[in-house]
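The following exercises are to be worked through with the sequence and the coordinates at hand. Each task is followed by a stepwise solution.

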Amino acid sequence: MVMSENPQQQVPFGAFGANSWLVEDMYDEYLRDPSSVSESWREFFGDFKAPATTPDPSTTKAPPTPSNSPTVPDDRQLDPVTPLRGAGARIVENMEQSLSVPTATSLRQVPAKLLEVNRKILNSHLSRNMGGKVSFTHIVAFALVKALGDVPSLNSTFVEDSDGKGTPGVIHHSHVGLGIAVDMEKKDGSRSLLVPCIKEADALGFREFMLAYEDLIRKVRTNKIGVDDFSGTTVTLTNPGTIGTVGSVPRLMPGQGAIIATGAIDYPVEYQAADPAVLAEMGVSKVLMLTSTYDHRIIQGAESGLFLARVHEFLLGADGFYEEIFSSMRVPYAPVRWGRDVSVRAGKNEEMTKQLHVKTLINTYRVRGHLLAHLDPLSDAAPPPFHELDPEAYGLTIWDYDRYFLTENLA
């Protein structure tokens, strides 16, 4: 976000990037009634001078057509033309600005099985205790921030003139300002985008990160977002997967090094009509498409690829990723670990052995399950692990959780 240090310095609305339409709307509100906007907006607009507006083409009369000129009907003009104003006009300006950034895009598919299972454990514990809910986006966004710590080149900004002589340069940011793209539906049914920023996201534990994320969403939904909430973005996350989009290549705005998009979490399209029980037997996982669109002037394809690979590793539990999340959310259990499937179709003997192990595990929980119970309401410490209660001790993996076994009378 571009802030004016000099009183009454003219700043184009387009300098506010994806949020420029909101700044223009808030400025109009401020001009009509300064008390209608929050104190932070009043303070900002007190030193703000809007740029001169472009004449509205719909109100500008065209010169008359000479009488001797033939009138040629234009089929395109049979339907009325709607001038783009406000948010629509700002989107045009932003997209034209984005064309000045030479970008490239990397894509990577990530299995979502472990993400799904551990999120379910988290939310099950939260529903029984403190309340709240962890979304897929919370976890994926946290993985992005951690991956930027390992591949910091994506957390950079290109500078046109680094020395006053026209020499291009790059800023390597010391902290991650994570912009969260939030879809907004306006009263007239049109849609626009706001991108508030989680400042110094890399310095936050998962719990603090999630609270900061939700606080920004709350401000957007209640129209209490302030001018300071838009400053400091270095990398943006957008999530078109919430409306079913499988993959997306978003536009990168000037001033940022990369924009990351997440797609829908679902089975590959060729499996979406299959019986879930058959998919479980086959060990087919839902997948998540990640795309990294980056400024190719300062970021190379290999760096973008390494970044996505690191996100992939975190979402599969590398370096205690889920343990860190569970600890931050005070969940006194160990998260499920990633493992390769041992298919029941490997042979009849293997199928019988796995069935026997399931019955043994059930009996062990009946007589030893209390050893994993969290009974101390004053402590967040996890009970000590008991090997015989771990499904992995019986050759069972995350892929067996959706499969059916004979359990006699046990529901």
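**Exercise 1: an aromatic pair**

Phe206 is buried, as its relative accessible area is 0%; buried stands for under 20% relative accessible area, exposed for over 50% and partly exposed for values in between (1.4 Å probe, protein chains only). The model is a predicted one, in which local features need pLDDT of at least 70 and side-chain atom pairs count only at pLDDT 80 or more, while totals for chains, interfaces and linings use all residues. Residues are numbered from 1 along each chain as its sequence is written, and side-chain values use heavy atoms, with hydrogens and water left out.

Task: Classify the ring pair of Phe142 and Phe206.

Solution.
1. Rings of Phe, Tyr and Trp (its six-membered ring) pair if their centres lie within 6.5 Å; planes under 30 degrees apart are stacked, over 60 edge-to-face, and the rest tilted. This rule yields seven aromatic pairs.
2. For Phe142 and Phe206 the ring centres are 5.3 Å apart and the planes stand at 80°, so the pair is edge-to-face.
3. Phe142 belongs to helix α5 and Phe206 to helix α6, so that the pair links parts of the chain 64 residues apart.
4. Phe142 is likewise assigned to the buried class, at 2% relative accessibility.
5. Ring pairs join both residues to Phe209, Phe314, Phe321 and Tyr322 in a cluster.

**Exercise 2: helix α6**

Task: Compare the expected span of α6 with the distance between its end C-alpha atoms, and state against which elements its buried residues pack.

Solution.
1. Helices (H or I, at least four residues) and strands (E, at least two) are DSSP runs numbered from the N terminus. The chain contains ten helices and twelve strands.
2. The expected span is 1.5 Å times one less than the number of residues. For the 16 residues of α6 (206-221) this gives 22 Å, and the end C-alpha atoms are 22 Å apart, which agrees.
3. The buried residues of α6 are Phe206, Phe209, Met210, Tyr213, Leu216, Ile217, Lys219 and Val220.
4. Their packing partners include α5 (136-150), β6 (178-180) and α9 (321-328).
5. Just after α6, Asn223 adopts a positive phi of about 60°.

**Exercise 3: the sheet and the core**

Task: Determine which strands stand at the edges of the six-stranded sheet, and which residues touch the most other members of the largest nonpolar core.

Solution.
1. Two strands pair if DSSP finds at least two bridges between them. The open sheet has the order β3-β12-β11-β10-β6-β9, with mixed pairing.
2. β3 (103-111) and β9 each have a single partner strand and are therefore the edges, with one side of each left without a neighbour in the sheet.
3. β3 pairs with β12 (287-295) in the antiparallel sense over nine bridges, and Thr103 is placed opposite Asp295.
4. A nonpolar core is a set of buried Ala, Val, Leu, Ile, Met, Phe, Trp, Tyr and Cys residues joined through side-chain atoms within 4.5 Å. In the largest one, of 70 residues, Trp41, Ile139, Phe307 and Leu315 touch the most other members. Helix α5 contributes the largest share, nine residues.
5. Contact means heavy atoms within 4.5 Å. Leaving out residues up to four places away in sequence, Ile139 touches nonpolar and other residues, among them Arg119, Phe206, Leu315 and Ile325.
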